Amino acid sequence: MASHKEDHFKVSLSRTLSVYPKTLHPLHFLTLSNLDRQCPIHMYLVFFYKPSQANQNLSASAVFGQLKAGLEEALSVWYPAAGRLTMGPGDGKLNLWCNNGGAVLVEAEAQVRICELGDLSQYNELFEDLVFKPFVDEGLAEMPLVVAQVTRFGCGGYSLGIGTSHSLFDGPAAYDFLHAWASLSNIKASQPLNHHHPLHPPVHERGRFLETKETNDLCRNSNPTTRVVAIDHLYQLIREAADDRNVENYVLRTFHLSGEMIERLKQNVFGEERGRFSSFEVVSAHLWKARTKALGLTKDRLVCLQFAVDTRNKMVPPLPKGFTGNAYVLASVALTAGQLEEGHVVIAEKIKKAKNSVTNDYIGAYIEALDGPQANLPPLKELTLVSDWRRLPFHKIGFMGEEAAYVSPLVPPLPQVAYLMQSPSETRGIDLRIGLLPNMETAFSHYFLRNVQ
């Protein structure tokens, strides 16, 4: 028999509906790029909206109805989101069948109050019950690319858990889609907040990333000696870690860095050099050093920092505004753990150099390198991954006509990835969400916070 506490925290589903575009589009295939094909799984975010005078007067049915109507409108414009992934019969490559198959929207309720969930910035396993995860047994042909669950809490607040296929959108494209959906839902009498976020008409064709003559020309015109450093470094790590395959569960932790703390870090470890580096370079260098120190590796062990770089404005010509596909490649720095003990300035300089190395040649070589057989990356504790979301303030997307109290990513495919997110409580602040091995959590906290507090 379930305990009273278990019942109190239980999430009950009320209804599950397929949501179709209000305006149907002709059936057709959309060729995906090699970047789209890297990670065809769902990425989940949970938006929390605390009870307010306005939303307490809204019934759960009314909220669900408005979200459904807004999603129908959004899918009419962002029609690939209503499609399905499919494997090409000839080459076996992943592509998108735009078939108006629809998204899934779920209504749920919970007795628990949002305040009982504790600090929303810290990952909680209960968050997993606030998203709808479709069964994968039926294969790609039946897998909806967008799924969402709206949950009303006992206090009158709401959460909206949303999953989007990474083959459909990268971060900026997902942000634009969700912003459009929120703007079309109009849950309150006034329009949801837009915070002057420009919405360009979406461009769904993968354009320069298509595997056609255009992409072949891009690769052929690139420098044939261009090395894809990020992929080279991964192969090196995999070779060195061949005998170390212990898989452990990661603990997700969030560290808040205020604008004042970031300035203190710059002053303490960069001194007069602090003006040469961006906040991303400063925080990433500090994070990499702290994580490697906490791992306790021998000085000769190879360690690697990789971070996503948006190629939208780095390609020649640039990708069109409103491009909805994946447009990120990885930049990479590799050193031994001993070399990483050098000063922050040296490390930040290498990060800046790696970021600037992502040129049109590098992008073309990266896309070409992904054309071979793909496999899941094994767990690599020596690899530190950073994804910069600071220009994607998801908490400002007003599904309930107001900012979210917090937006929490769920467990990513590679749990050690570090997300740099704009803090909802301070525009200049950063929330660092990172997966840590249990035996390194205390040490990482010590090394990471040592120069910022």
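**Exercise 1. Determine the volume of the second largest pocket and describe its lining.**

Solution. The model is predicted, so local features require pLDDT of at least 70 and side-chain atom pairs count only at pLDDT 80 or more, whereas totals for chains, interfaces and linings use all residues. Residues are numbered from 1 along each chain as its sequence is written, and side-chain values use heavy atoms, with hydrogens and water left out.

Step 1. On a 1 Å grid over the protein atoms alone, a pocket is an open set of points with protein on both sides within 12 Å along at least five of seven lines, and a lining residue has an atom within 4 Å of a point. Grid points are joined across faces, edges and corners, and a volume is the space filled by probe spheres set on the points. The second largest pocket holds about 860 Å³.

Step 2. This pocket is lined by 27 residues, of which Pro172, Asp310, Arg312, Tyr328 and Arg391 are the closest to its centre.

Step 3. Helices (H or I, at least four residues) and strands (E, at least two) are DSSP runs numbered from the N terminus. H4 and strand E10 (302–310) are the elements that give two or more residues to the lining of the second largest pocket; E10 gives the most, with four residues.

Step 4. For the class count, Ala, Val, Leu, Ile, Met, Phe, Trp, Tyr, Cys and Pro are nonpolar, Asp, Glu, Lys and Arg are charged, and the others, Gly among them, are polar. The lining of the second largest pocket then has 13 nonpolar, five polar and nine charged residues.

**Exercise 2. Count the cavities of 30 Å³ or more, and characterise the largest and the second largest.**

Solution. Step 1. A cavity is a set of grid points where a 1.4 Å probe fits but cannot get out. Three cavities of 30 Å³ or more are counted by this rule.

Step 2. The largest cavity has a volume of about 120 Å³. Its lining includes Trp389, Phe394, Tyr406, Met421 and Asp431. Strand E13 (406–409) and strand E14 (418–423) each supply at least two residues of this lining. By class, the lining of the largest cavity comprises eight nonpolar, two polar and one charged residue.

Step 3. The second largest cavity contains about 70 Å³ of space. Among the residues that line it are Phe9, Val11, Leu117, Asp129 and Phe153. The lining of the second largest cavity has eight nonpolar residues, no polar residue and one charged residue.

**Exercise 3. State the strand order and the pairing in the open sheet of six strands and in the open sheet of three strands.**

Solution. Step 1. Two strands pair if DSSP finds at least two bridges between them. The six-stranded sheet has the order E1-E6-E7-E8-E3-E13, with mixed pairing. Its edge strands are strand E1 (11–19) and E13, each of which pairs on one side only. The twist averages 15° from one strand to the next.

Step 2. Strand E6 (residues 103–110) and strand E7 (residues 146–152) pair in the parallel sense over six bridges. Leu105 stands opposite Ala148 in E7.

Step 3. The three-stranded sheet runs E2-E5-E4, and its pairing is antiparallel. Strand E2 (28–30) and strand E4 (84–87) each have a single partner strand, so one side of each is left without a neighbour in the sheet. Neighbouring strands of this sheet are turned by 40° against each other on average, direction ignored.

Step 4. E2 pairs with strand E5 (residues 94–98) in the antiparallel sense over three bridges. Phe29 stands opposite Trp97 in E5.

**Exercise 4. Classify the packing of H3 against H4 and of H7 against H8.**

Solution. Step 1. Axes are lines fitted to C-alpha atoms, for helices over the stretch in contact, and angles run from 0 to 180 degrees between N-to-C directions. Angles under 35 degrees count as roughly parallel, over 145 as roughly antiparallel, 65 to 115 as roughly perpendicular and the rest as oblique.

Step 2. The axes of helix H3 (residues 60–77) and helix H4 (residues 171–185) come within 8 Å and cross at roughly 125°. H3 and H4 are therefore oblique to each other.

Step 3. Helix H7 (residues 259–270) and helix H8 (residues 279–295) pack at an angle of about 70°, with their axes 11 Å apart. H7 is therefore roughly perpendicular to H8.

**Exercise 5. Locate Pro317 and Asn100, and describe their backbone geometry.**

Solution. Step 1. Pro317 is found in the loop between E10 and strand E11 (328–336). Val316 and Pro317 are joined by a cis peptide bond, with omega about -5°.

Step 2. Asn100 lies in the loop between E5 and E6. Although Asn100 is not a glycine, its phi is positive, at about 60°.
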